Amino acid sequence: METPAAERITRVRSVQDLFERLGARLKLRWLNDGQGHDNPLRGDGPSTARQTLVGTLNCIHPNRIQILGQAEVLYLADLGPTAYLETVEKLFTGQPAAIVFSEEIEPQADFYDWARETRIALLGSSLSDQELIANLQYFLNHALAERSTVHGVLLEVFSMGVLLTGEASIGKSELALDLICRGHRLIADDVPEFARIAPDTLHGSCPPLLADFLEVRGLGVLNIRAMFGDSAVRRKKELNLVVDLQRLNDAELATLDRLSGSLSTRNILGVPVPQITVPVAPGRNMAILVEAAVRHQILRLNGYDASVDFTDRQARLLTEEPPAQDTHA
């Protein structure tokens, strides 16, 4: 079950948080004595909620963090007095969280006046504007991503991120342990956390408290790293496939498509993820079935679908002329 309350967990919330996390790496320094340090990195008002996170000078669609490099400073210097004042006014009234000057650029005095009046943070760095943008975009896309937890076990199987789901006690952890013994890797047990880092991309990770641990009924909590080594676990992985384990009766089994299987989609944080329902029954080798499901999905992603191939083969056989009979036999 998804946890709506966890849909947006921000690891950094303010300019001060960002400074503490990235200040040393990006060689950041305060230019206006920390004014605006508590400005949120996500805008709450209607004028700021749709702002992009970071970019160079943009007064039409302001960024939450405006980067000013040599090109932007030269552009402002070439403007006439009236156009310059209008542009700087738009820059500050666009309510960015912070304005960052790259390459040790020293802002003009009126920037300090506007920053004081609007409570906008001014920061400086010795890095280039492109270095700042690349680092900030990557960091903020992950730190401010929409997040949700989903009950299940997240593994890497054949380089694919696979989420095992199903009702309690159906055997998710035992199946995960079987897959780990077969050389696959554990990412998170019980409550993997997913972050939407792009419109169609979900990254799954493990809460720090649960990292490396897998609970198996009857055995208790196992430390997979200690038992199988570092190669048996990994920190995060893009989610590619959901395998939903279900106990199905005969009537429910009869409704499954014998040709194309049970492929559907599951929506997590607005991202459709392929989902395969695998019936659980005594005697079924679930680890092999999950491996087969992953291999089958990899073929689909590469453009091959066995059900389509089978249907086409049937159609060709039906349209072929039967062989001529030997009349002398």
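Helices here are DSSP runs of H or I with at least four residues, strands are runs of E with at least two, and both are numbered from the N terminus. What you have open is a predicted model, where local features need pLDDT of at least 70, side-chain atom pairs count only at pLDDT 80 or more, and totals for chains, interfaces and linings use all residues. Residues are numbered from 1 along each chain as its sequence is written, and side-chain values use heavy atoms, with hydrogens and water left out.

**Stop one: the whole chain**

Colour by secondary structure and you should find 10 helices and 16 strands. The radius of gyration (over C-alpha atoms) is 28 Å, well over the 20 Å that the globule rule (2.2 Å times the number of residues to the power 0.38) gives for 329 residues, so the chain is more spread out than a compact globule. Along the principal axes, the C-alpha atoms fill a box of roughly 105 × 60 × 35 Å.

Now switch on a surface. The chain exposes about 18,000 Å² (Shrake-Rupley, 1.4 Å probe), with carbon and sulfur atoms supplying 52% of it. Of the 329 residues, 44% count as buried; that means under 20% relative accessible area, while exposed means over 50% and partly exposed is in between (1.4 Å probe, protein chains only).

For a contact map, take heavy atoms within 4.5 Å as a contact. Among contacts between residues at least 6 apart in sequence, 70% join residues at least 24 apart.

**Stop two: F111**

Select residues 109-118, which make up helix α4, and pick out F111. Is F111 buried or exposed? At 3% relative accessibility, F111 counts as buried. Show what surrounds the ring: leaving aside residues up to four places away in sequence, F111 touches L68, L76, Y84, V88, L91, F92, F101 and L122. Then draw a C-alpha to C-alpha distance from F111 to V100; these two are 11 residues apart in sequence and 12 Å apart in space.

**Stop three: the cysteines**

A disulfide is a covalent bond between the sulfur atoms of two cysteines. Here the test is a pair of cysteine sulfur atoms within 2.5 Å, and by this rule the count comes to zero. Select C181: it is in no disulfide, and the nearest cysteine sulfur, that of C206, is 19 Å away. C181 counts as exposed, at 51% relative accessibility. Jump to C206, also in no disulfide; C206 is buried, with a relative accessible area of 14%.
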